[in-house]
Amino acid sequence: MMLAIMEHGWAGLLTLIILLASLVDAHSWVEQLTVVSPNGTFIGAKGYPRGNIFRTNPSFNDQMMQWQLPSNQDDKLLPDMTICRPSQQTSNYTTDSPQLQAAPGDVIAMRYQENGHVTQPWIKSGKPAHSGTVYVYGTDQPREDDTLLAIHNVWNLDGTGGDSRGKLLSSQYFDDGQCYQIDDAIPISVHRQEEFPRKPEAGSVEGANLWCQTDIAIPNTVKSDSTYTLYWVWDWPTLNTSNTTYLPELYTTCIDINVTNSEGSSSSTNTNQGNVAFAQVTNYGNAAIQSIFENVKTLGTQTVSGTPSAADVSSPTATTGSPIVSTASSPGTGAASPSPEGNSNCDTPTTVTVSGTTVTSTISVPSIATTTIMQATTVTVTTMISPPSSSSSHPAMMIRRRALAV
C-alpha cells in the first residue's frame, strides 16, 4: 500500500476508485428489433431505435442511448419529463440504422442487454423480482413532447386510458428467463449458458452473450403503409421493506415501425397462422421466448403483474424462468472472466488507466470500499476507504470486494 501511495499518492488512488465506480453506472435500452416468423425464429432485416448509435462507434458511451427518469436517484418523477430522450423525440433514422419493417399482426422481438441486472441481481439492494417490469406502449399519433406520466400506467390494453391516443401492448419481466452475459464466476450466468446456449455470429456485437427480449405483436388494427411508434419503458424501482416504491427508476427507448402490407408476408404471425409449431431451438440467439411468443401470437399480448415485490433471496442461483433478486452479497467467488464484446460497463470487467496505473476491475458502488492492491513483488495489502456517509433512510448499499491489479 505504501508503495502505491508513494508512487501515485492518495489523490490518484481515490481518483482511480471514483472513476471505476462511475464506469459501472450503465443500464439498458432496446438495441435491436427483429420480426419473428410463425415458428418462433427470427426473420428478415433488423431494425433499430430512433437516433441509434452503435457500440462500435469510436466515441460511443452508454449515455448516448440510455434515458433514465428521473436522472438522479433522489429526484421525483415530474409531469414534464418526456418519455423520449431528446435524440429520440423525432423519427430520425439513417441507412445504417433503419426502422424495422413489419406487417399488422406480426410478432416482433425488442432486444436489449441485461448488463448484469439479471445475472448479478445483487448489484443494487432493494430491487424488485425479475429485475423489474418492461411495459410497451404503441401509438400511431406520437408527439415530440409526450411525457412519461401521461402514458406510463395510464394508457391501457383497450386503448381508453389517458388521452386515448395509444395503448398498452404488453407488460413483461425485464428478465425473460433465458438471457445472460458471459461470466464463469457467476452461477446464474453459468447455469443459463448451459441451458440456453448461443452460437455467436461473426462480427456480432453480442459476443457470446444472449440478449434479453420483449416480444410484442403489432396490432392488426394498425394501417398498412404507415408508421407505428413504440415506447419501451423499463420500470426498476428501489423498494422499501413493505415492497412499495421508495425511489423510482425508469429507462425508456422510443422506436418507430415501418408498417408494411401483410398480404403475402412470409413472416406474418397473426392468428390465421396459429397452428404452426414452435421450432426446435439449438441457438437461443435466433428465436423468441417460446412461452411469451405463443401467448402473444394467440392472445395478442402478454401481461404480468406490475405490483413491485422483492424476490426470495434464499438461493444464489435462479431456476429456469424464476430469476432472483438478492439483497445479500454475490454468491460467486474468484476473478471475473474477460468482458465479451458488446458488454456495457455495469458490473462487467473494465480496464482504466490513471496516473500511469492500469487497473481491470469488476465493481459496484459500495458504502465502504475494500481495495486490494497487488504489487509486482506479490505483496498484497488491504485498506478501507469510507466515502461520505449517506442518509440512513436510503436503502443499504452492499459491501463488495474490489480487486485492483496494479
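**Notes on a predicted model**

1. Let's start with confidence. The mean pLDDT of the protein chain is 75, with 66% of its residues at 70 or more. Please keep in mind throughout that this is a predicted model.

2. Two stretches call for care. Over residues 1-8 pLDDT stays under 50, and the model has nine contacts for them beyond four places in sequence. Residues 347-406 also stay under 50, and for this stretch the model has 151 contacts beyond four places in sequence. Where pLDDT is low, the predicted coordinates should not be read in detail. I would therefore not interpret individual contacts of residues 347-406, where pLDDT is under 50.

3. Now the overall make-up. The protein chain has three helices and 17 strands. Of its 406 residues, 51% count as buried. Among contacts between residues at least 6 apart in sequence, 76% join residues at least 24 apart. The chain exposes about 17,700 Å², and carbon and sulfur atoms supply 53% of that area.

4. Next, the interior. The largest nonpolar core has 27 residues, and those with the most contacts inside it are Leu33, Ile108, Met110, Val136, Leu230, Trp232 and Ile257. At least two residues of this core come from each of strand 1 (32-36), strand 4 (100-102), strand 5 (107-112), strand 6 (133-139), strand 8 (212-217), strand 9 (226-235) and strand 12 (250-259). Another core lies apart from it, with 14 residues, among them Ile83, Tyr135, Ile151 and Leu250.

5. Ile257 deserves a look of its own. Leaving aside residues up to four places away in sequence, Ile257 touches Leu33, Gln99, Leu100, Ala102, Ile108, Ile218, Ser226, Thr227, Tyr228 and Leu230. Two of these partners, Leu33 and Leu230, are also listed with Ile257 among the residues with the most contacts inside the largest core.

6. How is strand 9 placed with respect to the rest of the structure? Eight of its 10 residues are buried, so strand 9 is largely enclosed by the rest of the structure. Strand 9 pairs with strand 6 in the antiparallel sense over seven bridges, and Thr133 has Asp235 of strand 9 as its bridge partner. Strand 9 is also joined to strand 12 by 10 bridges, and these two strands run antiparallel. Thr229 stands opposite Asp256 in strand 12. In a regular strand the side chains alternate between the two faces of the sheet.

7. Helix 2 (residues 187-195) is worth viewing end-on. Its buried residues are Ile188, Ser189, Arg192 and Gln193. Seen down the axis of helix 2, these fall within an arc of 130°, so they line one face of the helix. An α-helix has 3.6 residues a turn, so residues three or four places apart point the same way.

8. Some backbone details to check on screen. Leu69 and Pro70 are joined by a cis peptide bond, with omega about -15°. Pro70 is found in the loop between strand 3 (68-69) and strand 4.

9. Finally, which phi values do Ser131 and Asp225 have? Ser131 has a positive phi of about 60° although it is not a glycine, and its place is in the loop between strand 5 and strand 6. Asp225, also not a glycine, has a positive phi of about 55° and is found in the loop between strand 8 and strand 9. Is each of them buried or exposed? Ser131 counts as buried, at 2% relative accessibility, whereas Asp225 is exposed, with a relative accessible area of 66%.

Notes: Residues numbered from 1 in each chain as written. Predicted model: local features only at pLDDT ≥ 70, side-chain atom pairs only at ≥ 80, totals over all residues. Heavy atoms only, no water. pLDDT = per-residue confidence, 0-100. Contact = heavy atoms within 4.5 Å. Core = buried A, V, L, I, M, F, W, Y, C linked by side-chain atoms within 4.5 Å. Buried < 20%, exposed > 50% of the residue type's maximum accessible area, 1.4 Å probe, protein only. Helix = DSSP H or I, 4+ residues; strand = E, 2+ residues; numbered from the N terminus. Areas by Shrake-Rupley, 256 points an atom, 1.4 Å probe, with all protein chains shown as cover. Arc of directions from axis to C-beta. Pairing = 2+ DSSP bridges.
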